[in-house]
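Could you walk me through this structure, one selection at a time? I have it open in a viewer and would like to know where to click next.

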Amino acid sequence: MEQIVISGTGVFTPEESITNEELVRAYNEYAENYNLANKNKIDLGEKVALELSNEEFIFNASGIKNRYVMDKKGILDPNIMHPILDKRTNDQPSILAEMSLKASKDALDKAGKTPDDIDAVITACSNLERAYPAISIEVQELLGIKGFAFDMNVACSSATFAIQAAADMIRSGSANTILIVDPEICSGHLDFKDRDCHFIFGDVCTAMILEKKDTANSNNCFEILSTKCITQFSNNIRNNFGFLNNAKKSSPLDRDLLFMQEGRKVFKEVVPMVSQLIIDHLYEEKIEIEEIKRLWLHQANKSMNDFIGKKVLGRVPEDHEQPNILQDYANTSSAGSIIAFSLYSQDMKSNEVGVLCSFGAGYSAGSIILRKVS
Ligand code: COA
C-alpha cells in the first residue's frame, strides 16, 4: 500500500487572549446587572437569578486557564458578551479564509512545499462561516492552487476525518498532495452569557500537508500507518443553527442556535468510547501498547484526557507522553489535537509511534496511528 505522510503542520494563533480571571469578571458583571434588572422577580421568589462564575471551578473542572480569541473587546463587554467581527464585502477575503492562509503558509514552509505542489484543499472544521461558496475554494483561490477543494464538518473530529479522507484520496490517485485547514472561531458559537459553558472554547486555525512519502522532503514527517473513524448519534452536544432557521421561524437569538451540551453525560459516554477506539485500533494493527510513545488527544477537558491516557496505556501517562495545550488555548474543537501534534512532535525519534485522536459532537471520534519517518 502507498505510504502517505503528514509532512508539515501549521498553527495560526490569534493575537488577543482572555484569561479565566478576565472572563469571570465580565460574566459576573453581566450576571450582577441581570440580577439587578430582575430584582422584582427575584424578590417575588422567581428562580431567575444568575449565579456567579468562578475561576477556580473553571480550572479544576476543565484544565483551562486561557483562550485566544479573534475579538476580545466584545466578549468582555458585559453589555455585549460576544465577539464583534467586521462585516466584510464579498470582494474581501472571509475571516476563515484569512486565518486558513496564515496557518497554511506555516504548514507549507515546514513541508518545504509551495502552492504549486498542492492539488486539493479540504477545509475541515466545526463552524463554517457561510453556506457557499466553500471556504476551501476561497483558500484555493487565494493561494493560487490548481485542482479542487471542498468543505467538511464532523465537529471536533473534522480534522482527523479529513486526514482519513485525504490519505484515502492520495492512495486512490484522486490527488497527490493535499492541504487540510481547520479554522475554528469557536467564540462565535459560544454563549458567553451561559455560566455552564462560557469558559470552554477558544479560537485558532491549524493546517496540515499530506503527501506520498516518496515526494516528501521535510525533516519532521509522520507516516499515517492507519486511520479509524467511528460515529454514534447523540444529542448531548448540539447546535441547531442552519439554513432552515428562517423557514422554521427561529429567532437569531434563540439559545439553541449556539453550542449546547450535557457536559457530564458527554464526559461519561465519550471517555469509554474513545479509550476503546484507540485500544481496538492498535490491536487491529498489531501494535503493542508499549510501542506508543505519544498520545495527541482532543483538547476538551484535562480530566477526560487523563482518564483516556490511563485506560489506553494501562498506567498514568507522563506529561510528555500526552501533551496538553488546553491551559493556553482552551477547547479549539477540531484544531486541538492538531495543535498538540504540531507543538509536540519534533522531539520524537525515527520509527517512534504515536496516536492522534479527536472526539466530539455526533458523537464522532477519529484515531490516526502515526510513525515518525527516519
Ligand atoms: N463557575 C462556578 N460554578 C459552576 C460553573 C462556573 N462557571 N459552571 C457550572 N458550575 C456549577 C454547576 O452549577 C454545578 O453546581 P451544582 O453542583 O450546585 O449543581 C457544579 O458547578 C458542577 O457542574 P457540572 O456541570 O456538573 O461540572 P463538571 O464537573 O461536569 O464540569 C464541564 C463541566 C463542562 C467542564 C465538564 O462536564 C466537561 O468538560 N465535559 C466534557 C465536555 C466535552 O468534552 N464536550 C465536548 C465539547 S466539543
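Here is a tour in seven stops, made on a predicted model.

**Stop 1: the sheet**

Start with the strands. Show them as a cartoon and look for an open sheet of nine strands with mixed pairing. Going across it, you meet them in the order β5-β4-β6-β7-β1-β8-β13-β12-β11. Which strands form the edges? They are β5 and β11 (292-297), and each of these pairs on one side only. As you move from one strand to the next, the twist averages 25°.

**Stop 2: the β5 edge**

Select residues 120-124, which are strand β4, and residues 148-152, which are strand β5. These two pair in the parallel sense, over five bridges. To see one matched pair, click on A124: its bridge partner in β5 is M152. Now follow the chain from β4 to β5, and you will pass through helix α6 (residues 135-143) on the way. This β-α-β crossover is right-handed.

On the way from β4 to α6, pause in the loop and find P133. The peptide bond joining Y132 and P133 is cis, with omega of about 0°.

**Stop 3: helix α6**

Next, color the buried residues of α6: I135, S136, E138, V139, Q140 and L143. Before you look at the neighbors, here is a handy idea about helices. An α-helix has 3.6 residues a turn, so residues three or four places apart point the same way. What do the buried residues of α6 pack against? Show α5 (95-111), β4, β5 and β6 (178-185), and you have the answer. Just after α6 comes G144, with a positive phi near 70°.

**Stop 4: further into the sheet**

Keep β6 on screen and add strand β7 (residues 203-212). How do β6 and β7 run, parallel or antiparallel? They run antiparallel, joined by eight bridges. Click on I180 and look across to β7, where its bridge partner is M208. Now bring back α5, which packs on the sheet and touches β1 (4-12), β6 and β7. Compare the directions of α5 and β1: they make an angle of about 130°.

**Stop 5: the β11 edge**

Travel to β11, the other edge strand. Although β11 pairs on one side only, the strand is mostly covered, with five of its six residues buried. Add β12 (353-360) and α9, and you will see α9 lying across β11 and β12. The helix runs at about 150° to β11. β11 and β12 run parallel and are joined by five bridges. For a matched pair here, click on W296, which stands opposite L356 in β12.

Continue into the loop between β12 and β13 (364-372) to find Y363. Here is another cis peptide bond, from G362 to Y363, with omega near -10°.

**Stop 6: two helices side by side**

Select helix α8 (residues 263-284) and helix α9 (residues 302-313). Their axes are 9 Å apart, and the helices pack at an angle of about 35°. The crossing is right-handed. Turn on the side chains to see who takes part:

- From α8: V266, F267, V270, V271, V274, S275, I278 and I279.
- From α9: S303, M304, F307, I308, K311 and V312.

What kinds of residue are these? By class, there are eleven nonpolar, two polar and one charged.

**Stop 7: two positive phi angles and a covered helix**

Follow the chain out of α8 into the loop that leads to β11, and select K286. K286 is not a glycine, yet its phi is positive, at about 55°. Is K286 buried or exposed? Its relative accessibility is 72%, and the cut-off for exposed is over 50%, so K286 counts as exposed.

Then go to the loop between α10 (326-329) and α11 (336-343), where A330 sits. A330 also has a positive phi, about 65°, although it is not a glycine. Its surroundings can be checked too: A330 is buried, with a relative accessible area of 0%.

Finish on α11. Seven of its eight residues are buried, so the helix is largely enclosed by the rest of the structure. Select G336, S337, I338, I339, A340, F341 and S342 to highlight those buried residues.

Note on methods. Residues numbered from 1 in each chain as written. Predicted model: local features only at pLDDT ≥ 70, side-chain atom pairs only at ≥ 80, totals over all residues. Heavy atoms only, no water. Pairing = 2+ DSSP bridges. Helix = DSSP H or I, 4+ residues; strand = E, 2+ residues; numbered from the N terminus. Right-handed = clockwise from strand over helix to strand, strands pointing away. Axes fitted to C-alpha atoms, helices over the stretch in contact; angles between N-to-C directions. Left-handed = near helix turned anticlockwise from the far one by under 90°. Contact = heavy atoms within 4.5 Å. Nonpolar A, V, L, I, M, F, W, Y, C, P; charged D, E, K, R; others polar. Buried < 20%, exposed > 50% of the residue type's maximum accessible area, 1.4 Å probe, protein only.
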